[in-house]
Amino acid sequence: MNDTIKIGIAGAGTMSSSMALIFVKNGFDTVVHVRSFASAERAEENIRTALSSDIESGSITEQEAEDLLSRIKFSMDPGCFRDRDLIVESIAENLEIKQNYWEQISQVVSDDCVLATNTSGLSINAISERVKGRNRFLGMHWFNPPHLVPLIEIIRGDETDDRSTALVREVALHLNKKPVLCKKDAPGFIANRIQYAILRECMEIVERGIADPEDVDAAMKYGLGFRYAALGPFEVADLGGLDIFYHISEYLNADLSNATEPQKLIRDCYKNGDYGVKTGKGIYDYRDGRDQEVLRKRDTLYKKIIEALY
């Protein structure tokens, strides 16, 4: 398959760069469409940074890294996608920008080319409104950092056909990823709906004074997170006994948060410009080098979990 499927990547950000590297590592012919020389340089620098980490770990040599980088082609011409079989777009998370981009690209590529957007929550149906051949359009949602997180969500639009869905799933499996199918276009798809339900209740716990953020995070990491790394929620319920879960839900569901707007804790952080690691402060303080420390720890733990799961 690697010898026949040709991949196009749209965008030059962190996600796009990482995806391009993953594709070439797995033998796919890959070209990246960028807006400018500066964008190409940024993408190449992102890829070099990722490769330097691989060199330091001993997983590849410097020569192998250079060979991989040389196989990633960059172009400012949308015509670079004319011979591609699958395009994966990861440009700005803005509906109008994505619609305009796909309206243009769907006219350039062949009628058989499958079109996938790496949106984390925008409507697949809405993005594809002006696409030529909406039957071949769908979501392919990667998770950050793409080179470590195994999950890929495949999201069907109302008109997505089985052939396009099957191709994206097959490609994901060849990348050694774990694809899941979201059968209909719903806000947040699968993972973000679950993630935000958890985050909403975590905020409720802190705002009601039940526990501090540190203890909420600890409960997740060493209890629920530990469990969910091995089992899904339905498997946990089956193993624990649905009768027990039923009786708990009789009294607990009524006390859980049903907030429909952003809660005070996250609203205050947002208004203060405290966005987390990217600004040096969020729920926690990431100044004085703690941001890099947290990221290194995250990546180290992710790698250990991946080794255990695979």
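Is F189 buried or exposed? In this predicted model, F189 is buried, because its relative accessible area is 3% and anything under 20% gets that label. You'll find F189 in the loop between β8 and α7, the helix that covers residues 191-207. The backbone at F189 deserves a look too: its phi is near 55°, a positive value in a residue other than glycine. Most residues other than glycine have a negative phi, and most peptide bonds are trans.

With that in mind, let's visit two other backbone spots. N176 has a phi near 65°, again a positive value in a residue other than glycine. N176 belongs to the loop between α6 and β8. The other spot is about the peptide bond itself: N144 and P145 are joined by a cis peptide bond, with an omega of about -5°. P145 is located in the loop that runs between β6 (137-142) and β7 (151-156).

P145 also leads us to a pocket. The second largest pocket has a volume of about 1,400 Å³. Its lining is made up of 39 residues, and those closest to the centre are A50, P145, H147, L148 and D299. Which helices supply at least two residues each to this lining? Among the elements that do so are α1 (14-25), α2 (37-57) and α12 (290-309). If you sort the lining residues of this pocket by character, you get 15 nonpolar, 15 polar and nine charged.

Now for a cavity. How many cavities of 30 Å³ or more are there? The count comes to one. The largest cavity holds about 40 Å³ of space. Its lining consists of I124, N125, S128, R134, F137, G157, D158, E159 and T160. Sorted in the same way as before, the lining of the largest cavity has two nonpolar, four polar and three charged residues.

Next, pick out S164, which you can find in helix α6 (residues 162-174). S164 counts as buried, because its relative accessibility is 0%. Who touches S164? Setting aside neighbours within four places in sequence, S164 is in contact with V114, N135, R136 and L138. For a sense of distance, try A38: the C-alpha atoms of S164 and A38 are separated by 33 Å, and the two residues are 126 residues apart along the chain.

Follow the chain on to V180, in strand β8 (residues 178-182). Here the label changes: V180 has 30% relative accessibility, so it counts as partly exposed. That label fits because partly exposed covers the range between under 20% and over 50%. Leaving out neighbours within four places in sequence, V180 makes contact with L151, I152, E153, I154 and I190. The C-alpha atoms of V180 and A191 are 9.8 Å from each other, with their positions 11 residues apart along the chain.

K178 has something to show you as well. The charged end of K178 sits over the ring of Y310, at 5.1 Å from the ring's centre.

That brings us to aromatic rings. The structure has five aromatic pairs. One of them involves Y101 and W102: their ring centres are 6.1 Å apart and their planes meet at 80°, so this pair is edge-to-face. Why edge-to-face? Because planes over 60 degrees apart are given that name. A pair of aromatic rings is described by the distance of the centres and the angle of the planes. Both partners are tucked away from the surface by the accessibility label: Y101 is buried with a relative accessible area of 12%, and W102 is buried with 0%. Elsewhere, ring pairs link F23, F28 and W142 into a cluster.

Our last stop is A237, in helix α9 (residues 233-240). A237 is buried, since its relative accessible area is 10%. Which residues does A237 touch, not counting those up to four places away in sequence? They are L242 and F245.

How values were computed: Residues are numbered from 1 along each chain as its sequence is written. This is a predicted model: local features need pLDDT of at least 70, side-chain atom pairs count only at pLDDT 80 or more; totals for chains, interfaces and linings use all residues. Side-chain values use heavy atoms; hydrogens and water are left out. On a 1 Å grid over the protein atoms alone, a cavity is a set of points where a 1.4 Å probe fits but cannot get out, and a pocket is an open set with protein on both sides within 12 Å along at least five of seven lines; lining residues have an atom within 4 Å of a point. Grid points are joined across faces, edges and corners, and a volume is the space filled by probe spheres set on the points. Helices (H or I, at least four residues) and strands (E, at least two) are DSSP runs, numbered from the N terminus. Ala, Val, Leu, Ile, Met, Phe, Trp, Tyr, Cys and Pro count as nonpolar, Asp, Glu, Lys and Arg as charged, and the others, Gly among them, as polar. Rings of Phe, Tyr and Trp (its six-membered ring) pair if their centres lie within 6.5 Å; planes under 30 degrees apart count as stacked, over 60 as edge-to-face and the rest as tilted. Buried means under 20% relative accessible area, exposed over 50%, partly exposed in between (1.4 Å probe, protein chains only). A charge sits over a ring if NZ of Lys or CZ of Arg is within 6 Å of the ring centre and within 35 degrees of the ring normal. Contact means heavy atoms within 4.5 Å.
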